[in-house]
Amino acid sequence: MLSRVADACYWMSRYIERAENNARIIAVNTQLLLDFENQKNLLQQNQWDPILAVFDARKQYKTLYPTVSQENVLDFLTYDKSNPTSLLFCVAAARENARTIREQISSEMWEQINLLYLYLQGSQSRVDFLGSTYDFYRRVMEGSQLFQGVTDATMTHGEAWQFIQMGKMIERADSTSRLADVKYHLLLPHGETVGGTVDIIQWKAVLRSCSAMDAYMKLFNGKVKPWSVGEFLILNDFFPRSIRFCVHRLNSALHSISGTPSNQFSNEAERRCGMMRSNLDYTTINEILRTGLHEFLDGIQDQLGDISETLTETYCRWMRKSEAP
Amino acid sequence: MAFGFKDYRTEGFFDESFSCDGAPHDHYRRLVERFQAMSQEEFDRKRILAEKAYLNQGITFTVYKDNQGTERIFPFDLIPRIIPAKEWDVLERGLTQRIQALNLFLHDIYHDQRILKEGIIPADLVLNAPNYRKEMQGVDVPHGVYIHICGTDLIRDDQGNYLVLEDNGRCLSGVSYLLENRQAMKRVFPNLFSQYSVRPVDSYTQELYSALRYVAPQGAQSDPHVVLLTPGIHNSAYFEHSFLARSMGIEIVVGEDLIVERDKVFIKTTKGLQRVDVIYRRVDDEFIDPKIFNPDSLLGVPGLFDAYRKGNVTLANAVGTGVADDKALYAFVPDIIRFYLSEEPILASVKTWLGMREPDLQYILENLKDLVVKPTNESGGYGLLIGPHATESQISEFRDAIRANPRNYIAQPVIQLSRLASYCDGAFEGRHIDLRPYILSGEKTTIIPGGLTRVALRKNSLVVNSSQGGGSKDTWVCDFTEENGC
């Protein structure tokens with residue numbers, strides 16, 4: 001397939017996955033704040049600042065707004081077109097990529113992504129956004145999920161689809177690693193202890209942000225402990241948003257494109273992905289905690305970034321310099 | 001005002017749908033009855049249903065000169081144009097004759113130039129035309145086909161006679177609207193289709209694909225590799241490019257996807273370079289190769305023209321076809337048909353005065369108020385003067401421009417285009433229409449039944465171009481028999 005098309009499939013998929021993840025993170029956070037209604041003002045700052053950190057968007061936010069308030073953060077993360085993590089930016093970028101490859105994707109996929117874009121652009125979304133914030137973000141998440149479902153059900157599972165898989169898995173692993181790290185930025189209120197009420201509420205919010213609540217509860221019989229949440233989100237081999245699961249899928253997609261057996265590699269992206277996979281297969285949560293969770297997750301993000309880059313180098317080297325962020 | 005056709009007036013124009021006494025023409029009777037039976041609400045529901053389908057599917061075009069860069073839908077009118085098969089068969093023969101003559105003409109112009117040597121056409125008119133490409137001299141194209149895809153605009157005058165208005169033999173668009181209009185109509189009025197036996201149009205993309213494969217170069221792969229070259233997603237017709245590529249199952253590429261090595265053309269793929277045999281290019285001549293034509297072009301591919309000249313790749317349409325759809329050359333097409341085919345032209349043309357001919361020029365300058373004046377090298381309905389609708393200052397502006405550069409202008413009488421009932425602001429009114437059939441030249445000449453009917457939705461407007469407030473209609477070629485009463 002055309003290198004340019006492979007690139008567009010990959011980024012379309014990353015952006016649509018990013019929109020979903022970001023919408024969920026925001027939705028969970030707005031819900032979480034409701035638990036602390038009495039300490040609202042203090043918490044607004046404490047609760048939204050880490051979210052900006054998760055998105056790497058603190059710096060840009062501060063150039064636009066003097067203080068951290070829910071109203072401003074929500075607008076910034078939802079509609080600000082200059083913010084590359086905002087929902088509107090992500091959906092518009094996904095659609096722009098889809099537009100260049102309309103003949104590669106099914107018309108159902110295009111219609112779905114176009115509908116989501118038209119909704120976010122249109123006045124109805126503003127009404128929903130102000131009227132029922134949670135439902136609004138749900139609608140964006142569902143738009144993205146519908147797109148992914150339609151993709152699986154209507155597109156040939158050939159090479160282009162594998163590039164879409166890779167985009168989805170890299171983005172999802174990256175998002176989970178950032179969320180698992182959110183507690184690094186999230187300070188406990190004065191007087192609260194690790195393992196105390198607020199700490200547990202915050203860990204639950206992390207689980208919800210990864211759509212992992214139900215799956216986690218089933219496995220750990222309802223007991224929320226910081227290290228088990230970490231273990232679950234990083235190392236679980238069956239949960240579809242855990243880092244390890246995503247890296248396994250990424251690895252299969254890579255090998256299915258090149259046709260190389262899964263225990264060998266034929267390019268740099270495969271080599272790095274294979275190393276990352278083995279590492280995740282054979283490490284334990286205790287080892288991760290010994291290195292430091294934050295350092296470990298930072299490393300994950302770097303490795304994913306490297307794979308993304310070498311992927312482009314391998315399959316799109318004929319293209320002019322790629323403009324992907 | 002009551003919904004329906006009670007107040008419909010033909011206002012002295014030739015009307016496709018109604019006769020001047022207010023009764024529908026036979027072949028429109030059932031259709032009119034169906035629309036009469038509808039309430040305003042039902043009609044609106046259907047109209048909105050159709051419009052939504054277009055918007056959601058992204059069937060849009062981009063408007064230049066509108067700094068919003070907005071995507072708009074091409075307005076679609078629900079009343080179809082109906083052409084009885086008897087009428088269509090004549091058109092089909094006439095168009096086939098015309099395209100065969102034009103292809104022979106182009107081959108001649110870029111080889112021996114017999115038609116110029118024999119004085120049938122002034123050499124100056126051809127060799128100094130802006131779209132004559134001297135680089136094509138002596139280049140052989142597979143099977144002698146230059147215009148693989150042609151759109152010939154037809155109109156009907158106040159007597160209902162079909163006339164050729166112009167040929168479009170370069171990069172022309174619109175066929176996707178034709179195909180989508182049919183889809184929309186089938187969805188909205190399924191029952192009407194079973195009553196009228198409408199000739200299907202959906203084989204177009206398959207016919208196009210066979211025509212493109214047929215013109216693959218001699219040394220091509222046994223399964224020729226065809227791609228569609230687009231200027232990119234910001235081009236106003238990108239939707240169409242994508243639509244056609246998708247329907248044919250071929251890759252849509254931009255200039256940067258292609259690379260020329262040792263005079264052969266390749267696409268850049270995830271598995272390396274792959275050879276290309278035929279390029280259905282929707283990029284104009286001037287932009288296809290910065291080495292030969294416009295050096296600033298980023299849309300084209302350096303070295304493409306040399307690969308083409310050496311016969312290693314086929315471009316459709318061929319380079320240099322613009323000399324055949326030149327508005328001044330138009331006046332000579334009947335002679336071209338007689339010269340190459342020794343036949344009389346089947347389709348009539350519009351009387352045309354050429355700025356380059358001294359007596360014609362005098363006539364044009366003296367009668368500007370009554371004429372339509374066209375620049376010979378503009379398309380899309382830009383730069384027209386419609387004398388009777390023009391102000392004094394517009395007329396004097398044109399007079400100066402024509403004097404300064406007579407070669408660039410032609411003039412024609414104002415034709416009162418036929419009208420057809422169309423929905424406008426809550427009622428049905430007559431609006432002017434034209435017809436663009438699409439003609440494919442491959443192993444044989446294929447014409448998709450009907451064509452794109454464009455309608456000038458602004459009252460009294462004669463300009464049907466989408467960029468100028470035009471819309472479109474589905475076009476039905478129907479096989480009527482005595483038996484079904486039509």
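# A guided tour of chains A and B

Start with helix H1 and helix H11 of chain A, which are roughly antiparallel to each other, an angle over 145 degrees being what counts as roughly antiparallel. This is a predicted model, so please read every position on the tour as part of a prediction.

**First stop: H1 and H11 of chain A**

Select H1(A), residues 3–34, together with H11(A), residues 197–209, and turn the view until both axes can be followed. The two axes come within 9 Å and cross at roughly 150°, and the crossing is right-handed. If you now show side chains, the residues to pick out are A:Arg24, A:Ile25, A:Val28 and A:Leu32 on H1(A), which meet A:Ala205, A:Arg208 and A:Ser209 on H11(A). Sorted by class, this contact of H1(A) with H11(A) consists of four nonpolar residues, one polar residue and two charged residues.

**Second stop: H15 and H17 of chain A**

Stay in chain A and select H15(A), residues 268–282, and H17(A), residues 293–315, which pack at an angle of about 155° with their axes 8 Å apart. At that angle H15(A) and H17(A) are therefore roughly antiparallel to each other, and H15(A) passes H17(A) in a left-handed crossing. On the H15(A) side, look for A:Glu268, A:Ala269, A:Arg272, A:Cys273 and A:Met276, and on the H17(A) side for A:Gln303, A:Asp306, A:Ile307, A:Thr310, A:Leu311, A:Glu313 and A:Thr314, since these residues make the contact. By class, five of the residues in this contact of H15(A) with H17(A) are nonpolar, three are polar and four are charged.

**Third stop: chain A as a whole**

Zoom out and colour chain A by secondary structure, and you should find 17 helices and zero strands. Along its principal axes, the C-alpha trace of chain A spans about 55 × 50 × 35 Å. How does the radius of gyration of chain A stand against that of a compact globule with 325 residues? Such a globule would have a radius of gyration near 20 Å, and chain A has 20 Å, so the two agree.

**Fourth stop: where chain A touches chain B**

Show both chains and select the residues that are in contact across them: 19 residues belong to chain A and 16 residues to chain B. On the side of chain A that touches chain B, H1(A), helix H5 (87–100) and helix H6 (107–121) each supply at least two residues. Which helix gives the most to this side of chain A? That helix is H6(A), with five residues. Colouring the side of chain A that touches chain B by residue class gives eight nonpolar, four polar and seven charged residues.

**Fifth stop: chain B as a whole**

Now hide chain A and look at chain B, in which there are 13 helices and 23 strands. The C-alpha trace of chain B spans about 70 × 60 × 50 Å along its principal axes. With 486 residues, a compact globule would have a radius of gyration near 23 Å, and the 23 Å of chain B therefore agrees with this.

**Sixth stop: the parallel sheet of chain B**

Select the four strands of chain B that form an open sheet in the order S7-S6-S11-S12, where the pairing is parallel. At the edges are S7(B), residues 251–253, and S12(B), residues 314–316, each of which pairs on one side only. Neighbouring strands of this sheet are turned by 30° against each other on average, with direction ignored. Next, pick S11(B), residues 278–281, and follow the three bridges over which S11(B) pairs with S12(B) in the parallel sense; here B:Ile279 stands opposite B:Leu315 of S12(B).

Then add two helices to the view. Helix H8 of chain B, residues 204–214, lies across S6(B), S11(B) and S12(B), running at about 130° to S11(B), while helix H9 of chain B, residues 238–248, lies across S6(B) and S7(B), running at about 150° to S7(B).

**Last stop: the antiparallel sheet of chain B**

Finally, select the open sheet of three strands in chain B, which has the order S8-S9-S10 and antiparallel pairing. S8(B), residues 258–261, and S10(B), residues 272–275, each have a single partner strand, so one side of each is left without a neighbour in the sheet. On average, neighbouring strands of this sheet are turned by 40° against each other, direction ignored. To end, follow the four bridges that join S8(B) to S9(B), residues 264–269, and find B:Glu261, which stands opposite B:Lys264 of S9(B).

Methods: Residues numbered from 1 in each chain as written. Chains lettered and ligands numbered in written order. Predicted model: local features only at pLDDT ≥ 70, side-chain atom pairs only at ≥ 80, totals over all residues. Pairing = 2+ DSSP bridges. Axes fitted to C-alpha atoms, helices over the stretch in contact; angles between N-to-C directions. Contact = placed C-beta atoms within 7 Å. Nonpolar A, V, L, I, M, F, W, Y, C, P; charged D, E, K, R; others polar. Parallel < 35°, antiparallel > 145°, perpendicular 65-115°, else oblique. Left-handed = near helix turned anticlockwise from the far one by under 90°. Rg over C-alpha atoms; globule rule 2.2 N^0.38 Å.
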